[in-house]
Amino acid sequence: MSIVMFGGVFGAAVLLWILWPLIGRSGVTESQRPEGAPDDIAERTLLLYQELEEIDLEHEQGDLTAAEYASLREAQKQRVISLLQARQREAGALSAARERGDADELSDAIEAEVLRIRARRRGQLDESAGQSAAAEAPASAMARGVHWLWIGVPALLVLIAFGGIFQLYRASSRTLTEQTPVAQINAAALVGFAFVAPDQVLLANANGLLESRDGGWAWTQSSLDAVPVAMAVSPAGAGVAYVFSEDGVHVSADAGRTWQAVTGTLPGAEILAAAVNPYVPTEVYASFADAGLQRSRDGGRTWEAVATPDNEAIVAIYVGGIPPLLFIAVESGRVQASSDEGETWAAASGAVTMALRGPVRALAGVPDGSVLYAAAHTGLFMSTADGQTWVDLPLRKPLVAVAADPANDRTVLAVTETGEVFRSTDGGIAWRNEQ
């Protein structure tokens, strides 16, 4: 709708630009022209001269009797004399002669003008008339050309603009209406969803650990024999993944093909979220319902507490950027970031006009931090400014998970509350099932 409104405002502005010269020209109408304006009087005088000459021709051809001719001609001359009196500036000498009562001088001037018109008609002044017409024709043609250029070019621009806006509107409508999932999964107890390598995705839920080797279309059971309660995957796409279960921590270095148990004790019972430093695969972050945010620097064997700005439960964690930034999303929906491993924190939910809307449930991105995604109840958001500003993407569905391909930041997967898996290969604009 915003595109249509923008097109309407733009079209109205350009239309006003087109019509303004015409409105300006129409500002002085014939009724507003001062009575006796020189141009109008000159035209009327010339017409009367021509009518006098036509009366002479009709008399010569025998169409008028002598009495008719004399009456018509005298009446016409009186009309000419009246107009000449009004032409104070253009015919001052003749008007002065009329005021002195010198009728003969005024009559001679009229007759001389009639003779000039007759001579021009009969071709005695063809050469000068031709030159005048040749000079006037290009000027007139040029004036018409400029006039139509003034109207035509903006009109063409309006058509092009409306055409472009219409195409954008169609593309936008198609983007929103032609969103089709690539797979259907069980999202009721989803605890992890991430790319573990290019085109290879791991999904942890109450049914176990699932894997997709084709970018999200087909899913099969993983070789890990454990029920996941949380999962952390390195955004670097090097195949490093951690799965937390009631039996402890399991780690894979080959994109989930094989798993090894990690010896150690977890600092809490219920894990809410976990993440891996893309540049240090043994550095793992995890949030616990009863122990807050914890960090392990040895692959999950030992843990240390990380200070957080408040006591809210952390539902999503992501590490990325150069140098690495630690992002957390708390239960109320706010996102915060730390550049010093949790020593200090800053808001990362965006400004007032370009902010996240709705509680964030998952975070994902590419290792260098150039693109960060947030899955919320209101849809998918993207930030290219470390969370300082966010842009809402066309996938406006209640989401519970998001994953970015480490080899291509324009390939994104998102999971809805009902378990629909959507895939985009253009940075989150179009979401179609096109394999």
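With which residue does the side chain of S296 make a polar contact? In this predicted model, the partner is the side chain of D298, at 2.8 Å. This report begins with S296 and then turns to the strands and to the largest pocket.

**The surroundings of S296**

S296 belongs to strand β12, which covers residues 292-296. Its relative accessibility is 0%; because buried means under 20% relative accessible area, S296 counts as buried. Besides the contact with D298, the side chain of S296 reaches the backbone nitrogen of G300, also at 2.8 Å. The two partners are set out below.

| Group on S296 | Partner | Distance |
|---|---|---|
| Side chain of S296 | Side chain of D298 | 2.8 Å |
| Side chain of S296 | Backbone nitrogen of G300 | 2.8 Å |

When residues up to four places away in sequence are left out, S296 touches T282, E283 and V284, together with R301, T302 and W303.

**An open sheet of four strands**

Strands β18, β19, β20 and β21 form an open sheet of 4 strands in that order, and their pairing is antiparallel. Its edge strands are β18 and β21 (391-392), each of which pairs on one side only. Within this sheet, β20 (residues 379-383) is joined to β21 by 2 bridges in the antiparallel sense. At this pairing, M382 stands opposite V391 in β21.

**Strand β22 and its partner**

How many of the 6 residues of strand β22 are buried? The number is 5, so this strand, residues 399-404, is largely enclosed by the rest of the structure. Strand β22 runs antiparallel to strand β23 (residues 412-416), and 5 bridges join the two. One residue of this pairing can be located by its counterpart: L399 stands opposite T416 in β23.

**The largest pocket**

The largest pocket has a volume of about 770 Å³. Its lining consists of 41 residues, and those nearest the centre of the pocket are V191, G192, V315, R361 and A362. Two or more lining residues come from each of the elements β2 (192-197), β6 (228-233), β10 (271-276), β14 (314-320), β18 (360-365) and β22. Strand β18, an edge strand of the open sheet, is thus also named among the elements of the lining, as is the largely enclosed strand β22.

What is the make-up of this lining in nonpolar, polar and charged residues? The lining divides into 35 nonpolar residues, 3 polar residues and 3 charged residues.

Note on methods: Residues are numbered from 1 along each chain as its sequence is written. This is a predicted model: local features need pLDDT of at least 70, side-chain atom pairs count only at pLDDT 80 or more; totals for chains, interfaces and linings use all residues. Side-chain values use heavy atoms; hydrogens and water are left out. Buried means under 20% relative accessible area, exposed over 50%, partly exposed in between (1.4 Å probe, protein chains only). A polar contact is a pair of N or O atoms within 3.5 Å; within protein, one must be able to donate a hydrogen and the other to accept it, and residues adjacent in sequence count only if both atoms are side-chain atoms. Contact means heavy atoms within 4.5 Å. Two strands pair if DSSP finds at least two bridges between them. On a 1 Å grid over the protein atoms alone, a cavity is a set of points where a 1.4 Å probe fits but cannot get out, and a pocket is an open set with protein on both sides within 12 Å along at least five of seven lines; lining residues have an atom within 4 Å of a point. Grid points are joined across faces, edges and corners, and a volume is the space filled by probe spheres set on the points. Ala, Val, Leu, Ile, Met, Phe, Trp, Tyr, Cys and Pro count as nonpolar, Asp, Glu, Lys and Arg as charged, and the others, Gly among them, as polar.
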